[in-house]
Amino acid sequence: MKLVGTSCTNMPWQAKPANTFGPVWRDVDNPIIPRNPSPGIKRIFNSAVVPFEGAFIGVFRVEDATTRPHLRVGHSENGKDWRFDDGPIQFVDETGAPWPPGYAYDPRVVAIDGVYYVQWCTEFHGPTIGLAKTTDFKTFTRLENAFLPFNRNGVLFPKTFAGKYKMLSRPSDNGHTPFGDIFISESPDLIHWGKHRHVMGRDTSTWWQNTKIGGGPAPIETSEGWLLFYHGVTQTCNGFVYSMGAALLDLDEPSKVLYRAKQFCLTPETPYEEVGFVPNVIFPCATLCDNETGRIAIYYGAADSTVALAYTTLECIIAFIKEHHETVKEEHLLGR
Ligand code: BMA
């Protein structure tokens with residue numbers, strides 16, 4: 001069993017505590033980024049981290065006192081202690097002219113052939129998937145928005161398939177979306193998207209993911225398939241509850257689900273996950289992986305207020321997914 005990526009020996013890591021059950025365990029210093037980490041930042045959560053030049057860099061979802069979300073670059077030597085740029089990313093178009101998103105949230109960052117692509121939920125007559133590329137995390141050049149409104153949770157795969165890019169997304173509505181499945185689309189140029197396929201839907205035989213699901217961090221290439229962490233949502237009399245699930249997608253045709261665990265692998269249980277601007281939210285957006293040790297660190301937003309870290313290993317999460325795999329009962333099985 002192998003992680004296909006590169007080594008990342010300096011990534012954050014904590015061994016599984018003896019008294020912990022389940023396939024994923026939390027960092028004891030959580031939340032690693034508090035609610036007000038620097039002046040002007042009122043909330044910071046649902047953010048993306050990648051290794052960069054021997055250290056770590058991230059694109060963070062930040063809300064200032066206007067509460068309109070924007071994206072901001074953060075820097076860290078160890079992946080846990082972060083300092084943030086003073087203001088939002090100043091996106092430009094391909095001519096270099098400013099192209100500010102009306103709002104921007106829930107970023108993912110993926111490196112493909114040395115270029116870092118940012119996917120986020122952008123304003124385009126309602127939410128849809130914005131795309132930008134950078135090589136230095138200083139100049140961010142926007143590409144065409146990938147999809148029509150309304151769409152969220154755009155997640156690119158970290159490699160091309162016979163020259164085609166592939167991206168997961170979750171068609172939605174303009175509000176808090178009480179439905180939603182994960183779809184996949186492909187593109188030869190990151191501009192024209194098509195060949196849309198259904199990947200997986202909410203699962204009505206379980207309750208934690210019976211309302212909607214959405215892709216999380218960029219899928220991780222492993223010898224067992226693409227490892228996908230995602231969020232699964234249920235409704236309670238006090239609102240939505242966001243947990244984290246895990247699945248394995250086919251390496252060559254990732255619209256095919258090989259295994260999907262019926263149990264959540266992390267659900268809101270700690271004070272920083274259960275209490276915050278939006279209670280009961282675990283929203284994973286990024287991972288760091290070390291192919292030598294099989295270690296995986298998962299960055300997630302906690303209660304729409306802070307950034308937290310959790311850990312697993314390749315062996316541990318694959319065993320969990322396979323052990324708890326059963327055919328799920330999806331509501332929408334029409335079409336492909
Ligand atoms: C979703 C997004 C996320 C957020 C979640 C829970 O619709 O807005 O940014 O974490 O709701 O509030």
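## Surface and charge

The accessible surface of the chain comes to about 14,000 Å², and carbon and sulfur atoms contribute 52% of that area. These values describe a predicted model.

Among the side chains, 31 are positive and 37 are negative. The centres of these two sets lie 4 Å apart.

## Overall dimensions

The chain has 336 residues, and a compact globule with that number would have a radius of gyration near 20 Å. The chain has 18 Å, which agrees with the expectation for a compact globule. Along its principal axes, the C-alpha trace spans about 50 × 45 × 45 Å.

## Burial and contacts

Of the 336 residues in the chain, 58% are buried, a residue being counted as buried when its relative accessible area is under 20%. The contacts between residues with a separation of 6 or more can be divided by distance along the sequence: 54% of them join residues 24 or more positions apart.

## Secondary structure and one sheet

The secondary structure comprises 2 helices and 21 strands. Among the strands, β6, β7, β8 and β9 form an open sheet in the order β6-β7-β8-β9, with antiparallel pairing. The edges of this sheet are β6, covering residues 104–112, and β9, covering residues 141–142. Each of these edge strands pairs on one side only.

At the β9 edge, the partner is strand β8, which covers residues 127–134; the two strands pair in the antiparallel sense over 2 bridges. One bridge can be described at the level of residues: Lys-133 has Thr-141 in β9 as its bridge partner.

Key
Residues numbered from 1 in each chain as written. Predicted model: local features only at pLDDT ≥ 70, side-chain atom pairs only at ≥ 80, totals over all residues. Heavy atoms only, no water. Helix = DSSP H or I, 4+ residues; strand = E, 2+ residues; numbered from the N terminus. Rg over C-alpha atoms; globule rule 2.2 N^0.38 Å. Buried < 20%, exposed > 50% of the residue type's maximum accessible area, 1.4 Å probe, protein only. Contact = heavy atoms within 4.5 Å. Areas by Shrake-Rupley, 256 points an atom, 1.4 Å probe, with all protein chains shown as cover. Lys, Arg positive; Asp, Glu negative; His and termini not counted. Charge placed at Lys NZ, Arg CZ, Asp CG, Glu CD. Pairing = 2+ DSSP bridges.
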